[in-house]
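Here are my notes for you, colleague, as numbered points. Please read them with the model open beside you.

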Amino acid sequence: MTTPPSPPGAERTDGSSVQIGALVPLTRPGWVEAGQHLLAGLELAVREVNDAGGIAGRPLELVVRDTAADPQRAAAAVDELARLGVAALAGEYHSVVARAAAGRADALGLPFLCSSAVLDALTEQPTEWVARLSPPQSHGWRIYADFLRSAGHSRIAVAAQPSVYWASGTRILRDHLAPRGGTVIELDMSALTPAAMCDELVDSRATALLLLVGHPEPAVPIVKAVRRDQRLAEIMVGAPAGQPEFAEWATLLGDDSAGVPFLRYLPERLSPLGARVEKVLRERLGEAPSFVAFEGYDTVAVLADVLRSHGADRTRTAASWPRVAVEGTRGQIQFSRTPGISVWQWASTPVQVVDRDPAEPGRFRILHAG
């Protein structure tokens with residue numbers, strides 16, 4: 001495995017620092033923009049922890065590893081970071097990658113606070129070693145399904161690629177909508193071109209098309225094909241996984257980027273801490289920070305609090321999840337056991353359905369909140 005070097009100062013070998021391993025997608029086929037936002041949040045929080053005196057006088061440092069959306073690479077990185085002696089793991093955006101990392105962390109007895117991945121089954125069996133900030137997929141996607149119903153959509157087509165994550169999303173939507181009179185029609189994008197998918201979409205009589213596919217390919221070509229097909233002028237295009245959150249979406253699609261509802265995990269109003277962090281992250285990123293950047297910041301805020309209270313002992317860190325009470329950028333963070341979820345879960349993560357305003361694609365509109 002070839003791993004890009006960590007940022008300057010990210011690693012020490014003299015034992016003077018408390019180290020956190022950070023798993024982040026920084027190269028393709030990973031979602032690089034998401035990885036950059038996640039890392040910006042992690043790094044800002046580390047800098048602020050150190051400005052405030054570190055962990056009992058010891059500097060907190062990130063040991064960054066690029067997962068590149070590869071589960072095997074992530075698992076190998078967990079092994080390496082465990083050998084290096086990190087106190088805990090943080091990060092990861094891609095659900096399937098986070099699942100591989102969580103399984104390995106559980107096997108090694110290494111605490112892992114997952115920042116952004118939402119797949120319900122983050123580990124095969126219940127574990128004490130893993131906690132998560134982002135909401136379970138079943139929670140967020142049911143809120144999205146309720147939004148679809150409230151907007152009058154009962155025949156929903158999903159353009160999907162083969163993946164545990166996309167299959168899970170389709171199942172959640174179907175299970176939630178079917179008892180309420182809804183129908184979910186699957187369009188297999190491993191077998192259809194965007195043009196052929198448009199033909200299938202017309203035949204399906206669906207009023208909404210959801211993008212359960214990778215970004216930018218094939219999500220961007222699908223949106224362009226639908227927007228240019230006069231037969232589909234009235235169809236709503238949605239992206240529950242959050243592709244329109246990032247600036248690249250608007251850059252690649254222009255006006256076609258607007259009016260595509262997606263899930264994001266922000267409150268209607270940020271706390272004073274969140275507003276301050278938003279300002280600094282905007283300066284660092286050169287653009288508005290996504291919810292993923294706030295997830296990164298909150299991850300380090302939680303881990304720093306735990307490490308200050310319990311030291312860098314891995315077992316004590318894992319045992320502390322149920323006692324966490326940390327003010328994050330998006331609310332008070334506490335972990336609990338959620339039925340059907342195998343990890344410690346922040347149960348009150350804010351969930352919104354938003355889109356880019358057609359009149360001003362750089363501005364987001366809140367359409368629904370859960």
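1. Cys114 counts as buried because its relative accessibility is 0%. Cys198 is buried as well, with a relative accessible area of 2%. The classes are: buried under 20% relative accessible area, exposed over 50%, and partly exposed in between, using a 1.4 Å probe and protein chains only. As for disulfides, taken as pairs of cysteine sulfur atoms within 2.5 Å, the count is zero.

2. A word on the ground rules. This is a predicted model, where local features need pLDDT of at least 70 and side-chain atom pairs count only at pLDDT 80 or more, while totals for chains, interfaces and linings use all residues. Residues are numbered from 1 along each chain as its sequence is written, and side-chain values use heavy atoms, with hydrogens and water left out.

3. Next, helix α1, residues 32–51. Helices (H or I, at least four residues) and strands (E, at least two) are DSSP runs, numbered from the N terminus. The expected span of a helix is 1.5 Å times one less than its number of residues. For the 20 residues of α1 that gives 28 Å, and the end C-alpha atoms are indeed 28 Å apart, so the two agree. Is α1 largely enclosed or open? It is largely enclosed by the rest of the structure, because 15 of its 20 residues are buried. After the helix comes Gly53, with a positive phi near 110°.

4. On to the aromatic residues. Rings of Phe, Tyr and Trp (its six-membered ring) pair if their centres lie within 6.5 Å; planes under 30 degrees apart count as stacked, over 60 as edge-to-face, and the rest as tilted. Searching the whole structure turns up eight aromatic pairs. One of them joins Trp31 and Tyr93: the ring centres are 5.5 Å apart and the planes stand at 90°, so the pair is edge-to-face. Trp31 sits in the loop between β1 (18–24) and α1, and Tyr93 in the loop between β3 (88–91) and α3 (95–108), so the pair ties together parts 62 residues apart in sequence. Trp31 is buried, at 8% relative accessible area, and Tyr93 is buried too, at 10%.

5. Another edge-to-face pair is formed by Trp141 and Tyr165, at 5.9 Å centre to centre with 80° between the planes. Trp141 belongs to helix α4 (residues 137–150) and Tyr165 to helix α5 (residues 164–177), so to speak a link between distant parts of the chain, 24 residues apart. Both Trp141 and Tyr165 are buried. Back at the earlier pair, Trp31 and Tyr93 join Phe246 in one aromatic cluster.

6. Which ring has the charged end of Arg337 over it? That of Trp344, with the charge 4.4 Å from the ring centre. The rule asks for NZ of Lys or CZ of Arg within 6 Å of the ring centre and within 35 degrees of the ring normal.

7. The largest pocket has a volume of about 560 Å³. Among its 27 lining residues, the closest to the centre are Trp31, Tyr93, His94, Tyr165 and Trp166. Helices α3 and α5 each supply at least two residues of the lining, and α3 gives the most, with three. On a 1 Å grid over the protein atoms alone, a pocket is an open set of points where a 1.4 Å probe fits, with protein on both sides within 12 Å along at least five of seven lines; lining residues have an atom within 4 Å of a point. Points are joined across faces, edges and corners, and the volume is the space filled by probe spheres set on them.

8. Please look at the backbone too. Most residues other than glycine have a negative phi, and most peptide bonds are trans. Arg28 and Pro29 are joined by a cis peptide bond, omega about 10°, and Pro29 lies in the loop between β1 and α1. His215 and Pro216 also share a cis bond, omega about 5°, with Pro216 in the loop between β8 (208–212) and α7 (219–227).

9. Two alanines have positive phi: Ala56, about 50°, and Ala68, near 50°. Ala56, in the loop between α1 and β2 (60–66), is exposed at 76% relative accessible area. Ala68, in the loop between β2 and α2 (71–84), is buried at 5%.
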